Amino acid sequence: MRRSRLLLSLALSAVTASALVAADAAPDEPIRSVRLPVLRDPQAQQTLHRMTDPVQDWVESGDQAADGYAGTVIDAWNQHADLYWKGEAPTKVQALLGANASPGFTVDVHRSPYSRAEMRAAIERFTAAVAPGAWTSIGPQEDGAAISITYVPSKATRLTGGATTEQAYSRRAAEIAGMPVTATVEGIPAALSGSRHSDSAPYYAGAEVNTGKAAFCSTAFSGWKDRTKVLLTAAHCGGGRYYNGTGGYIGDLYAIGDGLDVGMIAINGNGADRFYDGAWSDRSGSSRHTYGAGRNNVGDQLTELTSTYSQVRGVIC
């Protein structure tokens, strides 16, 4: 049973939401458990974050000297991280890494063809010109070499002129984005179950929402914008009214984050300081308390109570 909780007010600009893959109804499947890797240092990922997060904090401060930043990849298994930078990285990067160094851990800084800002601009060009139906996820590559896009072949023929191969899609998408594109056919989608599919007040993070522009998006955390109770989602999910997976009204788009792909829904009811933590097929509404916001990098390991294992891909859907 879901329990009502007090709303946790969060810094809205610090949290982003991801859109989910639009899906036809699919039968539930058993949750597959896998053995988690045994790290030499169980705190390796946290240690690497303490080393690299200050660099990303500086990038997000808006300092123009940090405009060359492209991405970060975490390799906790080898106690190593890679930073990518367009051009020569400023001396402040090494200074920040050195100030937070830890014995046995290493961070390499590599040159990249494009910066994060350039990749985001390319993503904006593409999404402004191409309807979401022709792509299912899009995001920058952490090495700064291209942007990554996934798509469903049957919905991409208008964009490509009839071709459905990844090569043809990449070429056409690169023409629109003005930057190299790595295109991948989207895997078989799965329909959500239980409360994630039919979330209602008090709203949790990680639930399905639908709009006229995007058939399937997800929610992030709830909070306040001015004096309005809001629920976060991705701005590219569109404006207008938002509904859960069963058509229940959630609220209207209230505002969009300045410079971030963050949409704020003025919710019809209260939010809650919880997020869904079960698998897509979980019908029990399994959830946990929200304690704050953090940063995810490509290579970060995510674990759930079901002992399933995944890695953050760094693709914004």
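A cavity, as the word is used here, is a set of grid points where a 1.4 Å probe fits but cannot get out, and its lining residues are those with an atom within 4 Å of a point. This structure is a predicted model, and one cavity of 30 Å³ or more is found in it. The mean pLDDT of the protein is 80, with 79% of its residues at 70 or more.

**The cavity**

- The largest cavity holds about 40 Å³ of space, and its lining is made up of S193, G194, S195, R196, Y276, G278, D282, G285 and S286.
- Helix 6, which spans residues 194-197, gives the most to this lining, contributing three residues.
- Sorted by class, the residues lining the largest cavity comprise six polar, two charged and one nonpolar.

**A three-stranded sheet**

- Strands 7, 15 and 16 form an open sheet in the order 7-15-16, and their pairing is mixed.
- Strand 7 (203-205) and strand 16 (287-289) are the edge strands of this sheet, each of them pairing on one side only.
- On average, neighbouring strands of the sheet are turned by 50° against each other, when direction is ignored.
- Strand 15, covering residues 271-276, pairs with strand 16 in the antiparallel sense over three bridges, and F275 has R288 in strand 16 as its bridge partner.

**Stretches of low confidence**

- Over residues 1-34 pLDDT stays under 50, and the model has 99 contacts beyond four places in sequence for this stretch.
- Residues 303-317 likewise stay under 50 in pLDDT, and for them the model has 52 contacts beyond four places in sequence.

Notes:
Residues numbered from 1 in each chain as written. Predicted model: local features only at pLDDT ≥ 70, side-chain atom pairs only at ≥ 80, totals over all residues. Heavy atoms only, no water. pLDDT = per-residue confidence, 0-100. Contact = heavy atoms within 4.5 Å. Pairing = 2+ DSSP bridges. Helix = DSSP H or I, 4+ residues; strand = E, 2+ residues; numbered from the N terminus. Axes fitted to C-alpha atoms, helices over the stretch in contact; angles between N-to-C directions. 1 Å grid on protein atoms, 1.4 Å probe; cavity = no way out; pocket = protein on both sides within 12 Å on 5 of 7 lines; lining within 4 Å. Points joined across faces, edges and corners; volume = space filled by probe spheres on them. Nonpolar A, V, L, I, M, F, W, Y, C, P; charged D, E, K, R; others polar.
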